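Work through these exercises with the model open beside you. Each task is followed by a worked solution.

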Amino acid sequence: MLNMDKIKKTIDRYQLIEAGDRIVVAVSGGPDSVCLLHLLDTIKDFYNIKLYGAHLNHNFRGIEAQKDAQYVHNLCEEMGIMSFVKSVDVPVIAKEKGYTLEEAGRIMRYSFFDEVAEKTGANKIAVAHNLNDQAETLLMRLLRGTGIQGLTAIHHKRGRIIRPLLDTSREDIEGYCGFHNLKPRMDHTNFETIYHRNKIRLQLIPLLQEYNNNILETLAKTAEILKLDSDYIDYQAHQLYNQLTVYDSKTRLKIPIDGLEKAHPALQSRIFRLAVEALVGRREAIEYKHIQILIDFAFKEVTGKQLQLPMGITAIRSYDLLLLTTDAIEENTAFTYSLNHNATTEIDELDSRLICRVINRNALMEIPKQAHTKAIDYDKVKGSLKVRNRREGDRFWPLGLKGTKKLKDFFIDYKVPREMRQQIPLVCDDDEIIWVVGYRISEKYKITNETKRVLLMEYTPK
């Protein structure tokens, strides 16, 4: 039967529980979670902890699921533990979101546990994964195909999720429930071999035990050894990721291609997973095949190409950068605003403003050289002053050059990402470009010794 000293050893070794912890215990009503709740209740005074029970009815099993919820409520009441029970129609949510039932159930469960933790001020969430779960998960991933990260299987602690029973076998758990007369609920679908995990549990593991009677412990030990190696590679990947990555916003980040190319392939894949985690909160949101496609895209594709990835992530190759974003990628609406020579013009599409001011040449102490402040010869303006974004066929005479060139070529010369070009305002004299804001003014409008009046322009970007 379950050895209490062994449980405490696991808790202390992995620092799962500290004095004063408030812990939400996930209780399905099955043997594993009932054992976990009872066990934590038994040692709560020893660790000086506060417990809360949480049960989510997934609506998979009709009346049986309702009986599970009632059982958990009664059990918590008998133990004097505050319980929270919620019903969610997981099959409907899975269909709406395009998730599998298993994926939707997991997402809704942990969302509910977070909700209970928020209500109670809990800092830990205890779940009842055990030694058998560890072995089954490792075998499932091995059969499906995975890297070293996948073979580390389940961790004793990740964030505020703790797993005190991870070193305990299902046999010992069931023995504990029987000894304490807990009478947990049994889900009979766990014994149907139509499910892949059940086949591994009921058929493959018993077969492997004929070759190694301690196969559960052996697989768990293997996962632990691999975890140490994986943690070290993860550490190196984190270091490099933090050095390389530039965040434009919470939904947009950039990674330099040359930095990626210098990294070992094992680090490259992890860097991409860290980027995905930063954008959507889940490192596992993309699979190995997506990583390989992304690596090929980053190193071989040409500027301006886009790649759609799961979870609404778009990858864009932009010169020497790889841009990853969850923003909708679309061209900005065309805009045009007339400019008052001595006023501020708001550019709503860019959430920015352009300030114009006409002054005498002798009032200008020096010609501004900042990217967003420029001065031109005002008397050379012959038409209507306006600010707009680019149009097909635009040409420009950049300051210092001998003639005009296509605006498109100018952007290419300056390595302006294609998806950003529509967001660059152009100050114009009718259709003639005076200033590509943030870059250069036109040679045609430059200030000379003959200049009498100056148009001073200051752009304030968002």
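The exercises below concern a predicted model, and they cover ring pairs, a lysine, a helix, two loop residues and salt bridges.

**Exercise 1. Aromatic pairs**

Task: Classify the ring pair of Phe112 and Phe113 as stacked, tilted or edge-to-face.

Solution.
- Step 1. Start with the total: the model has 9 aromatic pairs.
- Step 2. Take the geometry. The ring centres of Phe112 and Phe113 are 6.2 Å apart, and the planes meet at 45 degrees.
- Step 3. Apply the cut-offs. Stacked needs planes under 30 degrees apart, and edge-to-face needs over 60. The angle here is 45 degrees, so the pair is tilted.
- Step 4. Check the setting. Phe112 and Phe113 are both buried.
- Step 5. Repeat for Phe335 and Tyr337. Their centres lie 6.1 Å apart with 45 degrees between the planes, and this pair is tilted. Phe335 and Tyr337 are buried.
- Step 6. Look for a cluster. Phe396, Phe410, Phe411, Tyr414 and Tyr439 are linked by ring pairs.
- Step 7. Add a charge over a ring. Lys8 lies over the face of Phe46, 4.0 Å from the ring centre.

**Exercise 2. A lysine in a strand**

Task: Decide whether Lys124 is buried or exposed, then find the polar partners of its side chain.

Solution.
- Step 1. Place the residue. Lys124 belongs to strand 4, residues 124-126.
- Step 2. Read the accessibility. Buried means under 20% relative accessible area. Lys124 has 7%, so it counts as buried.
- Step 3. Follow the side chain. It reaches the backbone oxygen of Leu16 at 3.0 Å. A polar contact of 2.7 Å also joins the side chains of Lys124 and Asp21.
- Step 4. Survey the surroundings. Leaving aside neighbours within four places in sequence, the contacts of Lys124 include Ile17, Glu18, Arg22, Arg160 and Ile162.

**Exercise 3. Helix 7**

Task: Test the span of helix 7 against 1.5 Å a residue, and state what covers its buried residues.

Solution.
- Step 1. Work out the expected span. Helix 7 runs over residues 131-144, which is 14 residues. The rule multiplies 1.5 Å by one less than the number of residues. The expected span is therefore 20 Å.
- Step 2. Compare. The end C-alpha atoms of helix 7 are 20 Å apart, which agrees.
- Step 3. Find the buried part. Among the buried residues of helix 7 are Leu131, Ala135, Leu138 and Leu139. Polar residues such as Asn132, Gln134 and Thr137 are buried as well.
- Step 4. Name the cover. It includes helix 2 (31-42), helix 8 (148-151), helix 9 (170-179), helix 10 (196-209) and helix 11 (215-244).
- Step 5. Inspect the ends. At the start, a side-chain oxygen of Asn130 comes within 2.9 Å of the backbone nitrogen of Asn132. Just after the helix, Gly145 has a positive phi of about 100 degrees.

**Exercise 4. Positive phi outside glycine**

Task: Locate Asn59 and Asp430, and give the phi of each.

Solution.
- Step 1. Asn59 is not a glycine, yet its phi is positive at about 60 degrees. Its place is the loop between strand 2 (50-57) and helix 4 (63-79). With a relative accessible area of 34%, Asn59 is partly exposed.
- Step 2. Asp430, also not a glycine, has a positive phi of about 55 degrees. It sits in the loop between strand 19 (426-429) and strand 20 (432-436). Its relative accessible area is 36%, so Asp430 is partly exposed.

**Exercise 5. Salt bridges**

Task: Describe the salt bridge of Arg270 and Asp234, then that of Asp431 and Arg391.

Solution.
- Step 1. Note the total: 23 salt bridges.
- Step 2. Arg270 and Asp234 meet at 2.9 Å, N to O. Arg270 is in helix 13 (residues 265-280) and Asp234 in helix 11, so the pair links distant parts of the chain, 36 residues apart. Both residues are buried.
- Step 3. Asp431 and Arg391 meet at 3.2 Å, N to O. Asp431 lies in the loop between strand 19 and strand 20, and Arg391 in the loop between strand 16 (385-388) and strand 17 (395-396), so the bridge ties together parts 40 residues apart in sequence.
- Step 4. Compare the settings. Asp431 is exposed at 52%, and Arg391 is partly exposed at 40%.
- Step 5. Finish with a network. Salt bridges with shared partners join Asp133, Glu136, Arg170, Arg197 and Arg201.

Technical notes: Residues numbered from 1 in each chain as written. Predicted model: local features only at pLDDT ≥ 70, side-chain atom pairs only at ≥ 80, totals over all residues. Heavy atoms only, no water. Phe/Tyr/Trp six-rings, centres within 6.5 Å; stacked < 30°, edge-to-face > 60°. Buried < 20%, exposed > 50% of the residue type's maximum accessible area, 1.4 Å probe, protein only. Lys NZ or Arg CZ within 6 Å of the ring centre and 35° of its normal. Helix = DSSP H or I, 4+ residues; strand = E, 2+ residues; numbered from the N terminus. Polar contact = N/O pair within 3.5 Å; in protein donor to acceptor, adjacent residues only side chain to side chain. Contact = heavy atoms within 4.5 Å. Salt bridge = Lys/Arg side-chain N within 4 Å of Asp/Glu carboxyl O.
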